[in-house]
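Student: I am new to this structure and would like a close look at a single part. Could you take me slowly through the four-stranded sheet, with the helix and the pocket that go with it?

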Amino acid sequence: MNRLLLPLLLMSTLLLAACGDSEPEALAAAQPIEEGDSCHVCGMLIDEHPGPKGQAFMAAQGEALKFCSTMDLFAFLKQPENETQVSHAYVHDVAAAPWATPDDEAFVPASEAIYVVGHDQRGAMGHTLASFADEADAEAFRDEHGGKLVSFAKIDLDLLGRLGRGELGGEFGEGMHGHE
């Protein structure tokens, strides 16, 4: 009897362990910006403004929260009450289309993008972060429009505040070249 009990216990342990090996849930895909979509932060109509847009998905919600600019997206993402509840976010790859008309087929995960801040282009709310899937594209944009490269991890409320106050270049200052 003991000879049968040990294999049965082993088999049941393996079966229970296998139950915990479920596939991770796929992240919701980026949604197109449609006519009439308004910004989750400021309420402006998103498609009426130039520059890269963003969207975020909350962990407990399936619908995209859409933003008229990357500045508004990050203002939302970096709020302490939101940081732990956001599942993932997307931004437009600026290299994929003209500044005035971002391409909804070119959303990239915000956490994987490289950003240029302090450049001379404006978004819906003035200063915004130019987002790129490829660092070489970000460097080319910086060389043409000024600014500084920053990674997702370096974007915080202090940086957003300085950007919003015009302290990071663009038309309010010169000579910001580099990578942070």
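Tutor: What follows describes the sheet of four strands, then the helix on it, and then the pocket and the cavity.

The model is predicted, so to say, by computation: local features need pLDDT of at least 70, side-chain atom pairs count only at pLDDT 80 or more, and totals for chains, interfaces and linings use all residues. Residues are numbered from 1 along each chain as its sequence is written, and side-chain values use heavy atoms, with hydrogens and water left out.

The sheet is open, and its four strands follow the order S2-S1-S3-S4 with antiparallel pairing; strands are DSSP runs of E with at least two residues, helices are runs of H or I with at least four, and both are numbered from the N terminus. Two strands pair if DSSP finds at least two bridges between them. At the edges stand strand S2 (65-67) and strand S4 (107-109), and each has a single partner strand, so one side of each is left without a neighbour in the sheet. From one strand to the next the twist averages 25°, where axes are lines fitted to C-alpha atoms, for helices over the stretch in contact, and angles run from 0 to 180 degrees between N-to-C directions. Strand S1 (residues 54-58) pairs with S2 in the antiparallel sense over three bridges, and Gln55 stands opposite Lys66 in S2.

Helix H2 packs on this sheet and touches S1, S2 and strand S3 (86-92), with a direction that makes about 165° with that of S3; contact here means heavy atoms within 4.5 Å. The helix H2 (residues 70-77) also packs with helix H5 (residues 157-164), at an angle of about 145° and with their axes 10 Å apart. In this contact Met71, Phe74 and Ala75 of H2 meet Leu160, Leu163 and Gly164 of H5. The residues of the contact of H2 with H5 comprise five nonpolar, one polar and no charged, where Ala, Val, Leu, Ile, Met, Phe, Trp, Tyr, Cys and Pro count as nonpolar, Asp, Glu, Lys and Arg as charged, and the others, Gly among them, as polar.

Strand S3 leads on to the largest pocket, since S3 gives the most to its lining, with five residues. On a 1 Å grid over the protein atoms alone, a pocket is an open set of points with protein on both sides within 12 Å along at least five of seven lines, a cavity is a set where a 1.4 Å probe fits but cannot get out, and lining residues have an atom within 4 Å of a point. The largest pocket has a volume of about 230 Å³, a volume being the space filled by probe spheres set on the points, which are joined across faces, edges and corners. Of its 14 lining residues, the closest to the centre are Val86, Ser87, His88, Ala89 and Phe152. Helix H3 (80-83) and S3 are the elements that give two or more residues to this lining, which by class has eight nonpolar, four polar and two charged residues.

A search of the whole structure also finds one cavity of 30 Å³ or more, and about 50 Å³ of space lies in the largest cavity. Among the residues that line the largest cavity are His92, Asp93 and Trp99.
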